[in-house]
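Visitor: I am new to this structure. Could you walk me through it, one short question at a time?

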Amino acid sequence: MPKIVVHRETEWANKARKVAIFLNGKKLGTIEDRQVIAFEVPEGEQELVAKIDWCRSNKLMLHLQPDELEHVKIEGFVFSSYFFPVSMLILLIYLGVYFTTGVNNVYLAAAVMCCLGYLLFFLSVGRKHYLQLKIK
């Protein structure tokens, strides 16, 4: 029987949340941060999807042969590993400048708004691409 091995790397955005793994619309299980889980699945063409809250991943089509071992990696949205540290740094610099000098720096405020808009895109319109499934 074929197996799918799911690898989940650590990330800032979803560290404390579990990701549900679905095969052809049926829940296989959940995976936590920095965890690797193997699932036995039927052979043939399968559709794999990962979901977290109301967001999900791309649909990954797998063509599994008997006794095949397929490795799949779950990641956050594009640039998610850099997004939170960089956006927090920009926000802290903005707040530091504002509270120490009283000056509202337009460029820093615009950078904070761009970061917020990028996150809101993946939480609303781009929610079907919040997670990424890739063959490892």
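Visitor: In which sense do β2 and β5 pair, parallel or antiparallel?
Guide: Bear in mind that this is a predicted model. Four bridges join β2 and β5. One position to look at is Ile21, which stands opposite Ala50 in β5. The sense of the β2 and β5 pairing is antiparallel.

Visitor: How many bridges join β5 to strand β7?
Guide: β7 covers residues 60-64. Leu48 stands opposite Leu60 in β7. The two strands, β5 and β7, run antiparallel, and the bridges that join them number five.

Visitor: What is the bridge partner of Lys51 in β6?
Guide: β5 and β6 run antiparallel, joined by two bridges. Lys51 has its partner in β6. That partner is Arg56.

Visitor: Which residue takes a positive phi in the hairpin of β5 and β6?
Guide: This hairpin has two residues between the strands. One residue there has a phi near 55 degrees. That residue is Asp53.

Visitor: Which residue forms a salt bridge with Asp53?
Guide: The closest N and O atoms of the pair are 2.8 Å apart. A salt bridge needs them within 4 Å, so this pair qualifies. The partner of Asp53 is Arg17.

Visitor: How many residues apart are Asp53 and Arg17?
Guide: Asp53 is in the loop between β5 (44-52) and β6 (55-56). Arg17 is in the loop between β1 (3-8) and β2 (19-23). The pair links distant parts of the chain, 36 residues apart.

Visitor: Is Asp53 buried or exposed?
Guide: Its partner Arg17 has a relative accessible area of 29%, so Arg17 is partly exposed. Asp53 has a relative accessibility of 58%. Exposed means over 50%, so Asp53 counts as exposed.

Visitor: Which residue meets Lys18 in a salt bridge?
Guide: Lys18 is in the loop between β1 and β2, and its partner is in the loop between β3 (26-31) and β4 (36-40), 14 residues apart. The N to O distance is 3.6 Å. At 40% relative accessibility, the partner counts as partly exposed. The partner is Glu32.

Visitor: Which residue is linked with Lys73 and Glu75 in a network of salt bridges?
Guide: Lys73 forms a salt bridge with Glu75, with the closest N and O atoms 3.1 Å apart. Lys73 is partly exposed at 23%, and Glu75 is partly exposed at 22%. The residue linked with them in the network is Lys134.

Visitor: How many salt bridges does the structure hold?
Guide: Among them are Asp53 with Arg17, Lys18 with Glu32, and Lys73 with Glu75. The count for the structure is five.

Visitor: Which ring does the charged end of Lys51 sit over?
Guide: The charged end of Lys51 is 4.7 Å from the centre of a ring. That ring belongs to Phe22.

Visitor: Why do the rings of Phe77 and Phe83 count as edge-to-face?
Guide: Their centres lie 5.9 Å apart. Both residues, Phe77 and Phe83, are buried. Planes over 60 degrees apart count as edge-to-face, and here the angle is 70 degrees.

Visitor: In which helix do Tyr118 and Phe122 both lie?
Guide: Their ring centres are 5.2 Å apart and their planes are at 80 degrees, so this pair is edge-to-face. Tyr118 is partly exposed at 27%, whereas Phe122 is buried at 7%. The two residues are four apart, about one turn of the helix, and that helix is α2 (residues 106-123).

Visitor: Which residues form one aromatic cluster?
Guide: The count of aromatic pairs comes to 10. The cluster takes in Phe77 and Phe83, as well as Tyr118 and Phe122. In full, its members are Phe77, Phe83, Phe84, Tyr118, Phe121, Phe122 and Tyr130.

Visitor: Which element gives the most to the lining of the largest pocket?
Guide: The largest pocket has a volume of about 160 Å³. Of its 13 lining residues, the closest to the centre are Glu11, Glu75, Gly76, Ser80 and Ser81. β8 (69-75) and α1 (80-101) each supply at least two residues of the lining. The most, three residues, comes from α1.

Key:
Residues are numbered from 1 along each chain as its sequence is written. This is a predicted model: local features need pLDDT of at least 70, side-chain atom pairs count only at pLDDT 80 or more; totals for chains, interfaces and linings use all residues. Side-chain values use heavy atoms; hydrogens and water are left out. A salt bridge is a side-chain nitrogen of Lys or Arg within 4 Å of a carboxyl oxygen of Asp or Glu. Buried means under 20% relative accessible area, exposed over 50%, partly exposed in between (1.4 Å probe, protein chains only). Rings of Phe, Tyr and Trp (its six-membered ring) pair if their centres lie within 6.5 Å; planes under 30 degrees apart count as stacked, over 60 as edge-to-face and the rest as tilted. A charge sits over a ring if NZ of Lys or CZ of Arg is within 6 Å of the ring centre and within 35 degrees of the ring normal. Two strands pair if DSSP finds at least two bridges between them. On a 1 Å grid over the protein atoms alone, a cavity is a set of points where a 1.4 Å probe fits but cannot get out, and a pocket is an open set with protein on both sides within 12 Å along at least five of seven lines; lining residues have an atom within 4 Å of a point. Grid points are joined across faces, edges and corners, and a volume is the space filled by probe spheres set on the points.
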